[in-house]
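Me: Could you walk me through this model, a few questions at a time? I'd like to start with the record and then look at how the helices pack.

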Amino acid sequence: MIPAHVHPGPAAAPGLFGLVTVAGALLVTVLYQLAAARLRRRGDAWPRWRGASFTAGGAGVAWAAVGPLPGGPFTAHMVQHLITGMAAPLLLVLARPLTLALRALPPGPTRRGLPALAHSRAAGLLVFPPLAALLDVGGLWLLYRTGLFAATRHEPWLHAAVHTHVLAAGLLFTFAVSRLDPVRRRWSLALRGTTLLAAGAAHAVLAKTLYAAGPPGTAFTAADLHTGAQVMYYGGDLAEAALAVVVAASWYAATGRAWARERRTADTGPVPLPVTGAPAGR
């Protein structure tokens with residue numbers, strides 16, 4: 001059994017992985033802001049709230065890696081999980097980084113390669129919502145209901161790999177369900193909504209099992225275990241509700257644009273054919 005922390009606590013010095021995470025979050029945030037500034041300098045519009053959202057997401061990833069987290073060991077870990085796997089991915093995806101890159105990059109191989117990658121078969125498979133949900137929530141079941149969680153305490157590289165997977169899977173799931181950036185195939189609202197509901201249910205059930213029994217091979221106090229499970233349960237509900245609002249808002253906006261186009265077409269009517277040739281004689 002392991003009663004120790006599973007992440008850097010307030011009194012612990014950040015490890016190598018934590019420092020790399022902070023440096024990476026800072027780098028991508030700076031690159032995002034530079035790209036947004038490039039658009040504005042040439043006169044293109046790019047909402048500043050998107051930059052603020054991306055910055056908040058990057059700051060969340062960095063804080064979860066090295067910052068002081070509240071509660072006991074398990075509770076603090078769950079706060080880290082919610083930030084890294086749910087809150088930060090939503091903030092980052094809301095900023096539409098792929099769209100920004102496509103608009104800001106100068107002509108060249110990188111700009112030509114991004115659309116090809118986004119519309120590739122591999123990308124289309126990865127953003128298939130049920131598969132993205134399986135990689136995200138299924139990975140959490142594997143982490144907490146097997147000995148993997150306990151093993152991360154003894155193997156720093158494994159802890160780093162799990163932390164990276166949680167972030168990557170959270171980004172992929174949020175990206176696939178929200179459908180804000182251009183990808184190979186745009187899945188229907190029904191499929192994305194059903195996937196979100198199913199993933200939320202699986203996440204809630206996992207939290208309830210953790211309330212009853214901690215991950216195998218660990219020994220947390222009952223109070224810490226219950227508080228951490230509640231953080232996972234209620235925090236997950238809040239994050240999933242926020243994602244549902246994003247999905248509904250994007251669908252409403254897209255439907256409104258489609259209706260506006262239909263109304264304009266109906267108002268203008270068919271375009272008359274040009275009259276050719278000489279007028280008929282009297």
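Me: Which residues does UniProt list under "transmembrane region" for this chain?
Reply: Happy to help, and please keep in mind that this is a predicted model. The UniProt entry is unreviewed. Under "transmembrane region" it lists residues 16–37, 49–66, 78–102, 123–144, 156–177, 189–211 and 231–254.

Me: How much of residues 156–177 is helix, and how far apart are the end C-alpha atoms?
Reply: For comparison, residues 123–144 from the UniProt list are 91% helix and 0% strand, with end C-alpha atoms 28 Å apart. Residues 156–177 also have 0% strand. For that stretch the values are 100% helix and 32 Å.

Me: How many helices and strands does the protein chain have?
Reply: Reading from the N terminus, the elements run α-α-α-α-α-α-α-α-α-α-α. That agrees with the count for the chain, which is eleven helices and zero strands.

Me: What share of contacts between residues at least 6 apart in sequence joins residues at least 24 apart?
Reply: One pair separated along the chain is V30 and T55, 25 residues apart, whose C-alpha atoms are separated by 8.6 Å. Over the protein chain, contacts between residues at least 6 apart in sequence give a share of 79% for those joining residues at least 24 apart.

Me: Is V30 buried, partly exposed or exposed?
Reply: V30 lies in helix 1. Its relative accessible area is 41%, and the partly exposed class runs between 20% and 50%. V30 is therefore partly exposed.

Me: Are helix 1 and helix 4 roughly parallel or oblique to each other?
Reply: Helix 1 (residues 16–41) and helix 4 (residues 97–104) pack with their axes 10 Å apart, at an angle of about 50°. Their crossing is left-handed. An angle under 35 degrees would count as roughly parallel, and 65 to 115 as roughly perpendicular. Helix 1 and helix 4 are therefore oblique.

Me: Which classes of residue make up the contact of helix 1 with helix 4?
Reply: On the helix 1 side are Y32, A35, A36, R38 and L39, which meet P97, L100, R103 and A104 in helix 4. By class, this contact has seven nonpolar, no polar and two charged residues.

Me: Which helices do the buried residues of helix 4 pack against?
Reply: The buried residues in helix 4 are L98, T99, L100 and A104. Their packing partners are helix 1, helix 5 (109–118) and helix 9 (156–178).

Me: What is T99 in contact with, leaving aside its neighbours within four places in sequence?
Reply: T99 is found in helix 4. Buried means under 20% relative accessible area, so T99 counts as buried at 19%. With those sequence neighbours left aside, its contacts are W46, L180, D181 and P182.

Me: At what angle do helix 3 and helix 9 pack, and how far apart are their axes?
Reply: Helix 3 covers residues 73–94, and its crossing with helix 9 is right-handed. The two helices are oblique to each other. The angle is about 40°, with the axes 8 Å apart.

Me: How many nonpolar, polar and charged residues are in the contact of helix 3 with helix 9?
Reply: From helix 3 come Q80, H81, T84, G85, P89, L90, L92 and V93, and these meet H163, V166, L167, G170, L171, T174, F175 and S178 in helix 9. These divide into eight nonpolar, eight polar and no charged residues.

Notes
Residues are numbered from 1 along each chain as its sequence is written. This is a predicted model: local features need pLDDT of at least 70, side-chain atom pairs count only at pLDDT 80 or more; totals for chains, interfaces and linings use all residues. Side-chain values use heavy atoms; hydrogens and water are left out. UniProt positions are given in the numbering used here, feature names are shortened, and annotations may be inferred rather than shown by experiment. Helices (H or I, at least four residues) and strands (E, at least two) are DSSP runs, numbered from the N terminus. Axes are lines fitted to C-alpha atoms, for helices over the stretch in contact, and angles run from 0 to 180 degrees between N-to-C directions. Angles under 35 degrees count as roughly parallel, over 145 as roughly antiparallel, 65 to 115 as roughly perpendicular and the rest as oblique. A crossing is left-handed if the near helix is turned anticlockwise from the far one by less than a right angle, and right-handed if clockwise. Contact means heavy atoms within 4.5 Å. Ala, Val, Leu, Ile, Met, Phe, Trp, Tyr, Cys and Pro count as nonpolar, Asp, Glu, Lys and Arg as charged, and the others, Gly among them, as polar. Buried means under 20% relative accessible area, exposed over 50%, partly exposed in between (1.4 Å probe, protein chains only).
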